[in-house]
Amino acid sequence: ALLSRIRPADSAAKAAAKERQSKLAKPPGSLGALEEISVRLAGITGRVCNRIEKTRIVVFAADNGIVAEGVASTPQSVTLAQAINMTRGKTGMSAIARDFGIDVEVIDVGINSDSVPETILDRKLGFGTANFSKQPAMTRSQAVDALAIGIEAAERAHNSGADALGIGEMGIGNTTTSAAVLACLLNLPVESVTGRGSGLTDEGFALKKRVISDAVALHKPNGADVLDVLSKVGGFDIAAMAGAFIGCALFGLPVTAALAAVRLCKTVRDFVFLSHASYEIGYRAAAAELGMEPWLNLNMRLGEGSGCPVAFQVMRAACAAMNDMATFEEASINDNYLEDIRNESAFCVKTV
């Protein structure tokens with residue numbers, strides 16, 4: 001019922017934004033991706049001119065039973081420790097976010113501890129997922145509940161007045177779950193989407209790929225059924241993230257990055273932006289499937305939604321140019337000399 005309420009981007013607003021871009025006092029297409037961003041934002045909000053002033057990053061924290069198979073080099077206790085540190089502005093993402101004045105909300109959807117402080121929002125679905133090398137990671141009902149938690153988080157951000165939302169995760173072992181989910185959704189060999197995560201020896205890396213391959217063979221997730229994939233080999237954090245992307249489309253919020261959500265509802269893509277090119281190998285396959293290019297390539301592989309605070313500044317730059325640049329008329333410049341350039345498709349603003 002919620003998915004049916006999602007409407008595509010406003011094509012009239014995008015056309016109007018593209019028209020304004022053509023009148024700004026600059027060579028056509030000279031601001032590159034910033035022009036595309038401003039046009040897409042117009043489609044999301046229905047307004048040609050926008051401001052990205054209040055932003056939020058929501059991080060879903062959960063543990064993963066699959067770590068029992070030795071697929072992670074980091075102890076599981078780090079999930080809780082770093083979730084707490086995020087609320088204090090002491091992790092990579094949250095330190096950057098604090099400096100930029102970005103709100104950070106951390107949500108417990110499955111941390112393996114009963115000592116989670118109140119600074120972390122309690123939406124616990126369990127003490128981590130099950131070890132999916134032996135049984136499904138979660139029930140289908142839990143996967144649906146995780147989606148609902150993500151949608152609720154997006155609605156809360158919308159109601160707080162956020163102009164854009166970033167989505168992150170915290171959970172030891174979740175590069176294993178994400179690789180498994182990606183392999184199933186894209187029907188790709190596990191080896192082609194699995195990276196080393198936070199760091200594994202060659203032996204550990206080989207084990208990780210073997211564990212995922214064996215689990216996929218055991219459960220046979222249906223790649224055409226996102227909930228089946230999430231419930232069998234996913235994580236609570238990944239499922240909640242998918243829900244948050246859906247929620248952003250539902251409430252008209254631009255959001256940074258998400259394949260599972262787009263598979264559930266193609267229109268979600270209209271609201272998604274890719275912030276940075278993750279160092280993880282599976283990222284390229286996911287981006288290609290979405291048909292989108294990330295804005296930044298900083299060789300980052302921290303996770304946490306760490307690309308989001310930087311991406312928000314890119315969005316602000318796009319809005320500043322669209323809103324505050326003079327048009328040729330306002331700048332008293334005769335733009336007839338650009339007529340031939342405007343007729344060249346290479347200089348046209350892309351509208352994705």
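## Report on a predicted chain and its parallel sheet

Leaving aside neighbours within four places in sequence, Ile167 is in contact with Val58, Phe60, Met241, Ala244, Phe245, Val255, Thr256, Gly305 and Cys308. The model in which these contacts are found is a predicted one. Ile167 is also among the residues with the most contacts inside the largest nonpolar core, a group that includes Phe60, Leu165 and Val268 as well, and that core has 100 residues. Its largest share, 13 residues, is supplied by α9. A second core, separate from this one, consists of five residues, among them Ala13, Ala17, Val39 and Ala42.

### The chain as a whole

The chain contains 13 helices and six strands. Its radius of gyration is 21 Å, close to the 20 Å that the globule rule gives for 352 residues, so the chain is as compact as a globular protein of that length. Measured out along the principal axes, the C-alpha trace spans about 70 × 40 × 40 Å. Of the 352 residues, 52% count as buried, and the accessible surface comes to about 15100 Å², with 51% of that surface belonging to carbon and sulfur atoms.

### The sheet

The six strands form an open sheet with parallel pairing, and they follow one another in the order β3-β2-β1-β4-β5-β6. At the edges stand β3 (121-122) and β6 (272-273), each of which pairs on one side only. As background, strands of a sheet pair through backbone hydrogen bonds, either parallel or antiparallel. The table lists three of the pairings, each with one residue pair that stands across it.

| Strand pair | Bridges and sense | Residues opposite each other |
|---|---|---|
| β1 and β4 | seven bridges, parallel | Ala61 and Met170 |
| β1 and β2 | seven bridges, parallel | Val59 and Val106 |
| β2 and β3 | two bridges, parallel | Asp108 and Asp122 |

Phe60, already met in the core, has a partner on either strand beside β1, for it stands opposite Glu169 in β4 and opposite Ile107 in β2.

How far is β1 covered by its surroundings? Eight of the eight residues of β1 are buried, so this strand is largely enclosed by the rest of the structure. Thr55, Ile57, Val59 and Ala61 point one way from β1, while Arg56, Val58, Phe60 and Ala62 point the other way, and all of them are buried. The strand β2 is mostly covered too, with six of its eight residues buried.

### Helices around the sheet

Helix α5, formed by residues 140-159, has 20 residues and reaches 29 Å from its first C-alpha to its last, which is close to the 28 Å expected at 1.5 Å a residue. Its buried residues are Ala143, Ala146, Leu147, Ile149, Gly150, Ile151, Ala153, Ala154 and Ala157. In an α-helix there are 3.6 residues a turn, so residues three or four places apart point the same way. The buried residues of α5 pack against the strands β1 (55-62), β2 (103-110) and β4 (164-170), and also against the helices α8 (226-233), α9 (236-251) and α10 (259-264). Just after α5, Gly161 takes a positive phi of about 95°.

The helix α8 is mostly covered, since eight of its eight residues are buried; they are Val226, Leu227, Asp228, Val229, Leu230, Ser231, Lys232 and Val233. The cover over these residues includes α5, α6, α7 (202-219), α9 and α10.

### Two residues in their surroundings

Is Thr176 buried or exposed? This residue, which has its place in helix α6 (residues 174-186), counts as buried because its relative accessibility is 0%, below the cut-off of 20%. Not counting residues up to four places away in sequence, Thr176 touches Ile66, Val71, Phe132, Lys208 and Ile212.

Ala25 lies in the loop between α1 (11-23) and α2 (33-45). With a relative accessible area of 28%, Ala25 is partly exposed. Leaving out residues up to four places away in sequence, Ala25 touches Met325, Ala326, Thr327, Phe328 and Ala331.

How values were computed: Residues numbered from 1 in each chain as written. Predicted model: local features only at pLDDT ≥ 70, side-chain atom pairs only at ≥ 80, totals over all residues. Heavy atoms only, no water. Helix = DSSP H or I, 4+ residues; strand = E, 2+ residues; numbered from the N terminus. Expected span 1.5 Å × (residues − 1). Buried < 20%, exposed > 50% of the residue type's maximum accessible area, 1.4 Å probe, protein only. Contact = heavy atoms within 4.5 Å. Core = buried A, V, L, I, M, F, W, Y, C linked by side-chain atoms within 4.5 Å. Rg over C-alpha atoms; globule rule 2.2 N^0.38 Å. Areas by Shrake-Rupley, 256 points an atom, 1.4 Å probe, with all protein chains shown as cover. Pairing = 2+ DSSP bridges.
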